[in-house]
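Colleague: I should like to go through this structure with you, point by point. Please reason from the coordinates in each reply.

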Amino acid sequence: MRSIWNGAISFGLVSIPIKLVNATESRSVSFRQVHTEDGGRVRYKKVCELDGEEVPQAEIGKAYEDADGTMIPITDEDLASLPLPTAKTIEIVAFVPAGEIDPLQMDAAYYLSANGVPAAKPYTLLREALKRSDRVAVAKYALRGRERLGMLRVVDDVIAMHGLLWPDEIRAPEGVAPESPVTVRDAELDLADALMATLGEVDISTLHDDYRTAVEEMIAAKAEGGEGVPAPAREEEGGGRVIDLMAALESSVRAAREARGERAGPAEGEAEAADSADVAEVTPLKPRAGRASGSASSPKSTDAKKSTSRTAAKKTAAPARKSTSKTASGGSAKEPAARKTTAKKAAKKTAAKSTAKKAPSKTQAKKATPRKRSA
């Protein structure tokens, strides 16, 4: 790997010559700008705003733009004259636990390589000291014309350095958190814990960029004269709104377990969630009198007989009242007895045949008979 900076690590009075090497690289697929009509490359040209002429790189300098738009020229000699003790040195200023470094500060990553045979011994000494102390080194260094902050730690058998942002470059998270008060129940936390445990750990080395793979396959297909890779069918978007958080957590736990080949049983904490949630209670109805023992169909038939007899009794009682009133001139004392007798006879006949259709036909016949007698 090609080094991008040569210098030394200042470890007290010990100086360790090192080379700085990029530890990361971008694998993103880059594109060029082209003219869509003829496919020609579109390039940028650096043009002076005053005369409109293209300016070669050798004639381009630096300047600072003031608030009022004034350009203040800055030369390389001006920058070189500034006191910069870390121009060629990575100066270690402290050793701290790794937990004290906020991940928000982490920037680019580099490998530090021992530069030459004499540097091997002090390099190994610093590496083993970092391992045994279980700490990281905070250092200052200069790169690309400015002083930076770094963190040195051990990766395998190599000392790595992470560029850090200065503390005043980290913005405070003001106005980012939800402003409205939100209450999270213990049952919801239990389901979230169950989901986290179900998803488990992952080997970071197995993760890859699916989008980059799709772009590369599309480019390869087009290079062979094809039309590219057909786009997969899009699933309907849910609108980004969670309707039921508990149901979503429970479904997520089940899906995660199924993906891992586990039995999709009730999630841990699901029972507690159901107890704490607002669930409507269902009270079972007590069996009516007369539904004691018997087959599953006997209660239904009994209900049918009861409802049939009641309906028949009601329908029969009404004509009985009409016929009695017609036969008895001026009203009779036997009218209530006649109504009861007629209703009982109709109920007995209807219950014996257990059908609701024949009862009305007999009732119709009885309706017609009194009319003939009264005539």
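Colleague: How many residues does the largest nonpolar core have?

Modeller: Please bear in mind that this is a predicted model. Nonpolar side chains tend to be buried together in soluble globular proteins. Within the largest core, the residues with the most contacts are Ile9, Ile18, Ile90, Leu112, Leu152 and Met161. The size of this core is 20 residues.

Colleague: Which element gives the most to this core?

Modeller: Two or more residues come from each of strands S1 (3–11), S2 (14–22), S5 (89–96), S6 (106–114) and S9 (158–164), as well as from helix H2 (120–133) and strand S7. With four residues, the element that gives the most is S7.

Colleague: Which residues does the second, separate core include?

Modeller: This other core is made up of eight residues. Among them are Ala187, Leu191, Ala194 and Leu195.

Colleague: In what order do the strands of the closed barrel run?

Modeller: The barrel has seven strands, and their pairing is mixed. An antiparallel case is S1 with S2, joined by eight bridges, while S1 and S5 pair in the parallel sense over three bridges. From one strand to the next, the twist averages 40°. The order is S1-S2-S6-S9-S8-S7-S5.

Colleague: Which residue of S6 stands opposite Lys19?

Modeller: S2 pairs with S6 in the antiparallel sense, over five bridges. On the S1 side, Lys19 of S2 has Asn6 opposite. In S6, the residue opposite Lys19 is Ser113.

Colleague: Which residue takes a positive phi in the hairpin of S1 and S2?

Modeller: Phe11 has Val14 of S2 as its bridge partner. Two residues lie between the strands of this hairpin. The positive phi, near 65°, belongs to Gly12.

Colleague: Which residue in S5 stands opposite Ile9?

Modeller: S1 and S5 are parallel partners. Ile9 is touched by Ile18, whose contacts also include Trp5, Leu112 and Tyr123. Opposite Ile9 in S5 stands Ile90.

Colleague: Which residue in S8 stands opposite Ala137?

Modeller: Strand S7 (residues 136–143) and strand S8 (residues 146–155) run antiparallel and are joined by seven bridges. The S8 residue in question is also listed among those with the most contacts inside the largest core. Opposite Ala137 stands Leu152.

Colleague: How far apart are the end C-alpha atoms of H2?

Modeller: H2 has 14 residues, and at 1.5 Å a residue these should span 20 Å. The distance in the model agrees with that expectation: the end C-alpha atoms are apart by 20 Å.

Colleague: Within what arc do the buried residues of H2 fall?

Modeller: The buried residues in H2 are Pro122, Tyr123, Leu126, Arg127 and Leu130. The face turned away from the buried side carries the exposed residues Lys121 and Arg132. Seen down the helix axis, the buried residues line one face, because they fall within an arc of 140°.

Colleague: Which residue takes a positive phi just after H2?

Modeller: The phi value here is about 55°. The residue that takes this angle is Asp134.

How values were computed: Residues numbered from 1 in each chain as written. Predicted model: local features only at pLDDT ≥ 70, side-chain atom pairs only at ≥ 80, totals over all residues. Heavy atoms only, no water. Pairing = 2+ DSSP bridges. Axes fitted to C-alpha atoms, helices over the stretch in contact; angles between N-to-C directions. Core = buried A, V, L, I, M, F, W, Y, C linked by side-chain atoms within 4.5 Å. Buried < 20%, exposed > 50% of the residue type's maximum accessible area, 1.4 Å probe, protein only. Contact = heavy atoms within 4.5 Å. Expected span 1.5 Å × (residues − 1). Arc of directions from axis to C-beta. Lists of a residue's contacts leave out its neighbours within four places in sequence.
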